[in-house]
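Reader: I am new to this structure and would like the labels explained. Please set each value against the rule behind it.

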Amino acid sequence: MTVTSNPEQLIPETPPNWRKYFSFSTDHKVIGIQYIVTAFFFFLLAGVFAMIMRGELITPEPDLLDRTVYNGLYTMHGTIMLFGWTFPVLSGFANYLVPLMIGARDMAFPRLNAAAFWMIPVVGILLILSFLVPGGPAQSGWWAYPPQSLQNPTGNLINGQFIWLLAVAISGVSSIMGALNIVTTIVRMRAPGMGWFKTPAFVWTVLAAQLIQLYGLPALTAGAVMLLCDLSVGTAFFDPAQGGDPVLFQHFFWFYSHPAVYVMVLPVFGIFSEVFPVYARKPLFGYKIVAVSSLIITGLSGIVWVHHMFASGTPGWMRIVFMASTMLISVPTGIKVFAWVGTIWGGKLRLDTPMLFALGGLINFVFAGITGIMLSSVPIDIHVNNTYFVVGHFHYVLYGTIAFGIFAGIYHWFPKMTGKMYYEGLGKLHFYLTFAGTALNFLPMHPLGLMGMPRRVASYDPEFAFWNVLASLGGFLLGISTIPFILNMVSSWTSGKPAGNNPWKAIGLEWLVSSPPEHENFEEIPIVIAEPYGYGKDEKLTENLGG
Amino acid sequence: MTSLDPTLNQEKLTQSSQVAHKHEEEDNRMLGFIIFLLSESVIFLSFFAGYIVYKTTAVDWLPPGVSGLEIREPAINTVILVSSSFVIYIAERFLHKENLWGFRIFWLLTMVMGSYFLYGQAVEWQGLEFGFTSGVFGGIFYLLTGFHGLHVLTGVLLQAIMLIRSFLPNNYAGGQFGVESTSLFWHFVDVIWIVLFILIYVWQ
Ligand code: HEM
Ligand SMILES: [Cu+2]
């Protein structure tokens, strides 16, 4: 295959070998992998923090760590898991897959794309460095509520909280740059013939998620700017002692951070929607409704944020309104679950690793959905607010669903990205360890919460010891589960068997090109003539490239 | 294809597809820029929302010793900024008609008006008897006017770049995205100011 050189392109050549992953490449595939690998580095780092916390929590006494160190650890664990792992890894998938799935040669703005990526290591390094400043890293949790986040015991301008805000701001700029790039790409660069209802569900979910970034993130930025002013130059926005309003920060924060949950979970829904049809050999059930329901979630998720503040002195009428909107948003989500079950139902299931992770993720998600609906009802939330019930619930979403979906995606597209096949045995081992670890780690948190154990504490009443020991063992199991994963990735990438263009016999534009795809993906831009997921139908996907 | 000379045809094709490609890229960039502005406007909306919450719930809104904001100078400033939106529009029209000097003159006039606005803002700040640490009011006042002022400054700088670029040969062969987006940005800054003016100065 010859790559025609375009004289107009001012874009620097990408180095040919592994070194390209350390260069300012503008190829969306290189950037996608850069995002994913960087993100996994942060996953491991934040995972180590989690292990240390679980080590502390295995006994009721605060014997391992100082309390302030524990505060710093959960803050950094939460922040790095979200801004260093989940967001970047999903940006990586969007980057890698969207142009391939829509039949484009690259993203709309390749250089902007590279710039957005290179901010992520900066974010990570800043957060790590904050351990070294006097007073240590930020300690006010991943949500940085004032007045805790306004305390500055060292009195230095450069303190942990300051660096935290800086890092979050840079990550926000990077996300906005990424979002406008992805949205423009999806809206304008779909291949000829690919109308909206021929566009894969994953692309829909990415679009829906990135639209949320665009309307939500600026609100958080506004709140962060004001918090930064309070912290550094002495304004009074959120400082109750000077007439400020700390609850206003909570509004800014949750106006973004509830939808942010959908930014993270929507692309995972997209991965589920891509994976199930392949391994069940059936079209995605209710594809069009699944596609549109993503955008409905985008809209609804902008009007539910106050459910995080039921316990913050919110007036009664507001509680009712937001309780109702929260229950409403579970409808489009429920539709998706229904569609996946419909897809699997009666199919000839092939239980390869991607499918196992997708199924496991679906099971965990249903469970998380049940506890979520419980939490959205005001009477229950008032009771368990700030307990381990909440921690259990959101880890079932973040680990049980999102991490599972990401692993499903990694295994599913690994052959495409690297051209190599992973080792199925190690993959399955990874799955079983992860599934068991998740249950053992996060299920006990629910009874703990109902018994009243508060979150964010390094020590607890001995009556909670039993469940905490189980949770800690589960945590260590999750730590162990990453070993077969890393082994598998490294050894398969370097010395796995060649995978071929389409090892899963999947239908989709990305499976029509070589593995890994050439520099500009398609020698000839595909002309799409069929809906996606034509499993069991005897039809061609494209006019010119077959499929 | 009915052409007898396939190579010639091929050449024509690549040429026209290159032009089409250019156009497409311009359109992409415009869409990207509009999305950016929409997103940016949410920051302002959030500040505005914060302002409204503070103003309607505060116990002591104005700092002690302050009775209100002088509205005359800011009103003049408003008129100037709003008119500059029309001036920049005329400049853009001239460029479309490929009248470069007409473009430059009106473009420069916009810059002068924008700079005057910044000057007026600075003078106003200097005359105020409260600072950004004077309670919530002082903070949000300086935050809003300062953040908006930064946008005005950015606008003027962008305009300066476009003005310089207009002297480079062959500059608009590849389209006028730079000028169009700068102008759009200017309208955006203008609209934000109108809301800001009503919130802070009119609604006292
Ligand atoms: C090995 C797996 C994990 C373990 C053992 C673990 C454990 C923990 C523990 C012990 C806490 C602190 C609870 C408290 O003291 O209140 C915590 C908080 C948190 N975790 Fe994890 N976690 C894991 C994975 C994840 C993942 C994958 C994510 C996100 C993608 C995540 C996001 C968070 C967040 C956002 C918090 C809240 C931090 C805060 O309170 O500000 N965790 N986790
Ligand atoms: Cu929420």
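Author: A donor is an N, O or S atom within 2.8 Å of the metal. The model discussed here is predicted.

Reader: What makes His258(A), His307(A) and His308(A) donors of the copper ion (ligand 2)?

Author: ND1 of His258(A), NE2 of His307(A) and NE2 of His308(A) lie 1.6 to 2.0 Å from the copper ion. The cut-off is 2.8 Å, so these nitrogen atoms count as donors. Along the sequence, the donor residues are spaced H-x48-H-H. His258(A) belongs to helix α6 (residues 246–280) of chain A, while His307(A) is in the loop between α7 (287–300) and α8 (316–344); the two are 49 residues apart, and the pair links distant parts of the chain.

Reader: Are His258(A) and His307(A) buried or exposed?

Author: His258(A) is buried, and His307(A) is buried too. The word stands for a relative accessible area under 20%.

Reader: Why is Thr343(A) called buried?

Author: Its relative accessibility is 0%. Buried means under 20%, so Thr343(A) counts as buried.

Reader: Where does Thr343(A) lie, and which residues is it in contact with?

Author: Thr343(A) is part of helix α8 of chain A. Its side chain reaches the backbone oxygen of Ala339(A) at 2.7 Å. Leaving aside neighbours within four places in sequence, Thr343(A) is in contact with residues including Phe276(A), Pro277(A), Ala280(A) and Phe285(A).

Reader: Why is Ile363(A) called exposed?

Author: Exposed means over 50% relative accessible area, and Ile363(A) has 53%, so the label applies. Ile363(A) sits in helix α9 (residues 353–376) of chain A. Its C-alpha atom and that of Pro484(A), 121 residues apart along the chain, are separated by 23 Å.

Reader: How do you know that Tyr70(A) makes a polar contact with ligand 1?

Author: A polar side-chain atom of Tyr70(A) lies 2.7 Å from an oxygen atom of ligand 1. A polar contact is a pair of N or O atoms within 3.5 Å, so this pair qualifies. The cut-off also admits His77(A), which has a polar side-chain atom 2.8 Å from a nitrogen atom of ligand 1. For Tyr388(A), the distance from a polar side-chain atom to an oxygen atom of ligand 1 is 3.2 Å, so that pair passes as well.

Reader: Which elements give two or more residues to the shell around ligand 1?

Author: They are α1 (28–57), α2 (67–102), α11 (388–418) and α12 (424–442) of chain A. The most comes from α2(A), with seven residues. In total, 24 residues surround ligand 1, and Trp142(A), His395(A) and Arg456(A) are among the closest. By class, the shell has 15 nonpolar, six polar and three charged residues.

Reader: Which members of the largest nonpolar core touch the most other members?

Author: Phe40(A), Phe238(A) and Ile406(A) do, out of 221 residues in that core. Not counting residues up to four places away in sequence, Phe40(A) touches Trp85(A), Val89(A), Ile406(A), Phe407(A), Ile410(A) and Phe485(A).

Reader: How many helices and strands are in chain B, and what share of its residues count as buried?

Author: Chain B has five helices and zero strands. Its elements run α-α-α-α-α from the N terminus on. Of its 204 residues, 46% count as buried. Among chain B contacts between residues at least 6 apart in sequence, 79% join residues at least 24 apart.

Conventions
Residues are numbered from 1 along each chain as its sequence is written. Chains are lettered from A and ligands numbered from 1 in the order in which they are written. This is a predicted model: local features need pLDDT of at least 70, side-chain atom pairs count only at pLDDT 80 or more; totals for chains, interfaces and linings use all residues. Side-chain values use heavy atoms; hydrogens and water are left out. A residue is near a molecule or strand if one of its heavy atoms lies within 4 Å of it. A polar contact is a pair of N or O atoms within 3.5 Å; within protein, one must be able to donate a hydrogen and the other to accept it, and residues adjacent in sequence count only if both atoms are side-chain atoms. Helices (H or I, at least four residues) and strands (E, at least two) are DSSP runs, numbered from the N terminus. Ala, Val, Leu, Ile, Met, Phe, Trp, Tyr, Cys and Pro count as nonpolar, Asp, Glu, Lys and Arg as charged, and the others, Gly among them, as polar. Donors are N, O and S atoms within 2.8 Å of the metal (3.2 Å for Na, K and Ca); water is not among the atoms, so sites may look incomplete. Buried means under 20% relative accessible area, exposed over 50%, partly exposed in between (1.4 Å probe, protein chains only). A nonpolar core is a set of buried Ala, Val, Leu, Ile, Met, Phe, Trp, Tyr and Cys residues joined through side-chain atoms within 4.5 Å. Contact means heavy atoms within 4.5 Å.
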